[in-house]
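This report goes through selected features of one structure, from strand pairing to ring contacts and a pocket. The sequence and the coordinates come first.

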Amino acid sequence: MKLLDPRVDFVFKRIFASEGNKDVLLAFLNGIFSDAGEPPLNEVVLLNPYTDKDDPLDKQSIFDIWAKTEEGKLINIEMQLFNKYDIEKRTLYYWSKRYSGQLQETGKYKDLKKCVTINILNYKVLPNEHTHSVFHLREDRNGTPLADDIEIHFLELPKLEHTPVPGEGGLVNWLLFLKGIDDSNWEVLSMNEPVLKKAMDTLQFLSQDEEARMKYEARQKFLLDEASQRDGALTEGFAKGLAEGRAVGRAAGIEEGKAEGKLEGKLEGKLQGKLEARLEVARNLLAMGLDYHAIRTATGLTDEELESMK
């Protein structure tokens, strides 16, 4: 029997956000918070539990997990199988909606509760080697917190280079479970984290259920098609921007060369033309939503040259 991939958001929500699996979600969250040096939770309330109405092909279905602690802290967990290239701004946007949405209930700023976003990513996004990165709102020089109401976690599964170690508890066991569908190390993982055994049992049950497998395959196809269309548009846009940039660069180089009438002028024109070409590519990539780090890597432009676009 081939196991379903727990990284597909439909399966992830079924495992961690079913009413009968709240203890699984609580143990997983405590693994995350403990790894960040925070105290454990005693209870968690599911705000959007998994139901049969969660249609894998319905764009209105929400496969994030929304939960609330005893103190009223709001938690949003999202599994991302493919890179959408906008995760940082997308995270802030949805965090702000959850945070400001509380005013509809109380109407008082002082009643706003802390909102925590947890992104579990099947790709690398941050320029570090940490599997688990945590962000807060603090002053740059001395680290003084402005407010404790924002907390964002990034769990990047590809950065996890680890094998199960008997007796080693903690978050790493949950991430190893999520990272792949190889069940050869499950015995060690479940011994390290006993509640993880229930998550494994749920995945095995889903993998044997014909209806669940049909939903899984439909959702997986939808996600693959979506990623393929996005990557195709990105490739097409990059090629178009590169062609336009080269044309602009050649024209600029020719005009500059004619104006100078000297070898030095032609050389400067060519160099300027090449720069304009790369800047044109950068403008197109920026318009498509890529961040400055990705644009700098793709074009070879310096920070000063990118700033000149403004």
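Which residue in E6 does Ile118 stand opposite? The residue opposite Ile118 in E6 is His153. The model is a predicted one.

**Strand E4 and its partners**

Ile118 is one of the residues of strand E4, and its side of that strand, shared with Val116 and Ile120, is buried. The other side, made up of Cys115, Thr117, Asn119 and Leu121, is buried as well, so that both faces of E4 are covered. Strand E4 spans residues 115–121, and because seven of its seven residues are buried, it is largely enclosed by the rest of the structure.

Two parallel pairings involve E4. With strand E3, residues 74–80, E4 pairs in the parallel sense over seven bridges; Met79 has Ile120 in E4 as its bridge partner. With E6, the pairing is also parallel and also runs over seven bridges.

E6, residues 145–156, is further joined to strand E5, residues 132–138, by six bridges, and these two strands run antiparallel. His153 in E6 is again involved, since Val134 stands opposite this residue. Six residues lie between the strands in the hairpin of E5 and E6, where Gly143 takes a positive phi near 75 degrees.

**Aromatic rings and charges**

A pair of aromatic rings is described by the distance of the centres and the angle of the planes. The count of aromatic pairs comes to 11. For Trp95 and Tyr99, the ring centres are 4.8 Å apart and the planes are at 15 degrees, so this pair is stacked. Both residues belong to helix H3, residues 87–101, and because they are four residues apart there, about one helical turn separates Trp95 from Tyr99. Trp95 and Tyr99 are both buried. Elsewhere, one aromatic cluster is formed by Phe12, Phe16, Phe28 and Trp174.

Two charged side chains are placed over aromatic rings, as listed here.

| Charged residue | Ring | Distance to ring centre |
|---|---|---|
| Lys73 | Phe33 | 4.9 Å |
| Arg98 | Trp66 | 4.2 Å |

**The second largest pocket**

Arg98, which lies over the face of Trp66, also appears in the lining of the second largest pocket. This pocket holds about 240 Å³ of space. Its lining includes Leu47, Lys68, Gly72 and Leu74, and among the other lining residues are Lys97, Gly101, Gln102, Glu105, Thr106, Asp111 and Lys113. Helix H3 and helix H4, residues 103–106, each supply at least two residues of this lining. The largest share, three residues, comes from H3.

**Leu301**

Is Leu301 buried or exposed? Buried means under 20% relative accessible area. Because the relative accessibility of Leu301 is 2%, this residue counts as buried. Leu301 lies in the loop between helix H10, residues 292–299, and helix H11, residues 303–307.

Which residues is Leu301 in contact with, leaving aside its neighbours within four places in sequence? The contacts of Leu301 are Leu275, Arg278, Leu279, Ala282, Arg296 and Leu306. Leu279 is 22 residues from Leu301 along the chain, and the C-alpha atoms of the two are separated by 7.9 Å.

Terms used. Residues are numbered from 1 along each chain as its sequence is written. This is a predicted model: local features need pLDDT of at least 70, side-chain atom pairs count only at pLDDT 80 or more; totals for chains, interfaces and linings use all residues. Side-chain values use heavy atoms; hydrogens and water are left out. Two strands pair if DSSP finds at least two bridges between them. Buried means under 20% relative accessible area, exposed over 50%, partly exposed in between (1.4 Å probe, protein chains only). Contact means heavy atoms within 4.5 Å. Rings of Phe, Tyr and Trp (its six-membered ring) pair if their centres lie within 6.5 Å; planes under 30 degrees apart count as stacked, over 60 as edge-to-face and the rest as tilted. A charge sits over a ring if NZ of Lys or CZ of Arg is within 6 Å of the ring centre and within 35 degrees of the ring normal. On a 1 Å grid over the protein atoms alone, a cavity is a set of points where a 1.4 Å probe fits but cannot get out, and a pocket is an open set with protein on both sides within 12 Å along at least five of seven lines; lining residues have an atom within 4 Å of a point. Grid points are joined across faces, edges and corners, and a volume is the space filled by probe spheres set on the points.
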